[in-house]
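Visitor: Please give me a close look at one part of this model, its nonpolar interior, and then follow the elements that lead away from there.

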Amino acid sequence: MAAVNADEWGRLGGASRASGTDSSSSETESSIAYNPFVSHAFLSSLEDSGSVTAKTGWLPRHIVLRGPDGALEGALPAYIKSHSMGEYVFDHAWADAYERAGGQYYPKLQCSAPFTPATGPRLMARPGPGASATRRALAAGGRALCTQLGLSSVHATFVPASEIPDFEAEGYLHRTDQQFHFSNHAYRDYQDFLDTLASRKRKQLKRERRSALENGIEIEWLMGSDLNEEIWDTFYDFYIDTGGRKWGRPYLTRQFFSLIGERMPEDVLLVMARRNGRFIAGAINFIGGDCLYGRHWGCIEDHPFLHFEVCYHQAIDFAISKGLARVEAGAQGEHKLARGYLPVTTHSAHYIDHPGLRRAVADYLDRERREVEQIGEILIEHGPFRKGGTPTGKDGKTG
């Protein structure tokens, strides 16, 4: 990120709260909501903290497009990867098949926000009449870099559905998956949301929230000036504990949390649980222009339902209080369904250089897309909303 200053990066659509306000831009281009994970502050913090480096298998190789006057017109956050960890869109089987056939799958090019399963702009264009052409050029740039460096493939993950046609026009394959999101239908408060649920589900969540706060547990929201080094030390202990138990090697360094606390404090929400005067659990969230993004959770004491309270119920409370349109609570987790988070389709785009591997992957993705759609329809039928409630469909729109 050192080659691009924060001000010019922030003029790209979605990269800052002020981006997408160019008077010459179209309505669609100017309405791209701020996404903290493609901000200069977030991406540079990953690099400057040593979380994203060649040593960790994420070598930054961002694709930038400048106009004749040298002004930044677009960018595609990209990394040369020597493995497939930290991506949340799994291609291990592709790598295994290709290498068993004698090919070399790694290195590859990954276009994403590292370690972050959240949909956001990838083909980041400066708003204006040329934005569409810029996005197409960036997609082509990823493919050209793949060829130039002799990489096996390009993978743009958690891509907005609106960008898929640009990727497909440049020969990328379309892949789908699903997450569970909460949609805020202008609820006045949490009770207003509960009133849309079936009676049994409503009673279940009330009991769950009461149980979570037994034993004298209190919840605090921390952001802005609250994010001091002592708080980060505490949260980092939570993060390390969970990371060590789940995948063995936490991705983020301690310095990363200090840097985001300095560079983007108003975009960070820590939901912390306190008991007997000390914090015992917490979750970090990032605040976008229209969405609250839940990321990491950890604890040093186990209490029934506390994870659900800190990560899911409190996130809904915050989103409703701030008028945010939705909560994205990370990857996986059908347990979120009963708590008001319904399946939403996510998208990725993949360019495979080898013709034989490309044909095999294309066939697999065609079948996988149909399966994802069918599973989403089944899960929606088992959602917690009563008849006449306001659930959202698998495309994230009101059902």
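Guide: Contact here means heavy atoms within 4.5 Å. The model is a predicted one, and a good place to enter its interior is Phe-257, which, leaving aside its neighbours within four places in sequence, is in contact with Trp-232, Phe-235, Tyr-236, Tyr-239, Leu-252 and Ile-284. Phe-257 and Trp-9 are the residues with the most contacts inside the largest nonpolar core, a set of 43 residues. At least two residues of this core come from each of helix 3 (40-48), strand 3 (72-76), helix 9 (229-246), helix 10 (254-263), strand 10 (268-275), strand 11 (278-287) and strand 12 (291-299), and helix 9 gives the most, with 6 residues. A second core, separate from this one, has 37 residues and includes Val-271, Leu-306, Val-310 and Tyr-312.

Leu-306 also leads to a helix pair, for in helix 11 the residues Leu-306, Phe-308, Glu-309, His-313, Gln-314 and Asp-317 meet Leu-205, Glu-208, Arg-209 and Ala-212 in helix 8. By class, this contact has 4 nonpolar, 2 polar and 4 charged residues. Helix 8 (residues 199-212) and helix 11 (residues 306-322) pack at an angle of about 115°, their axes lying 9 Å apart, and the crossing is left-handed.

Strand 3, one of the elements that supply the largest core, also belongs to an open sheet of 3 strands, whose order is 2-3-6 and whose pairing is antiparallel. Strand 2 (63-66) and strand 6 (124-125) are the edge strands, each with a single partner, so one side of each has no neighbour in the sheet. Between strand 2 and strand 3 there are 4 bridges in the antiparallel sense, and Leu-65 has Gly-74 in strand 3 as its bridge partner. Helix 5 (residues 131-149) packs on this sheet, where it touches strand 2, strand 3 and strand 6, and its direction makes about 135° with that of strand 2.

Burial can also be followed along a single strand. In strand 8 (residues 173-183), 10 of the 11 residues are buried, so the strand is largely enclosed by the rest of the structure. Strand 8 runs antiparallel to strand 14 (residues 342-352), to which 9 bridges join it, and among these pairings Arg-175 has Ser-348 as its partner in strand 14. A further 3 bridges join strand 8 to strand 13 (residues 326-328), again running antiparallel, with Arg-326 in strand 13 as the bridge partner of Ser-183.

Terms used. Residues numbered from 1 in each chain as written. Predicted model: local features only at pLDDT ≥ 70, side-chain atom pairs only at ≥ 80, totals over all residues. Heavy atoms only, no water. Buried < 20%, exposed > 50% of the residue type's maximum accessible area, 1.4 Å probe, protein only. Pairing = 2+ DSSP bridges. Axes fitted to C-alpha atoms, helices over the stretch in contact; angles between N-to-C directions. Left-handed = near helix turned anticlockwise from the far one by under 90°. Nonpolar A, V, L, I, M, F, W, Y, C, P; charged D, E, K, R; others polar. Core = buried A, V, L, I, M, F, W, Y, C linked by side-chain atoms within 4.5 Å.
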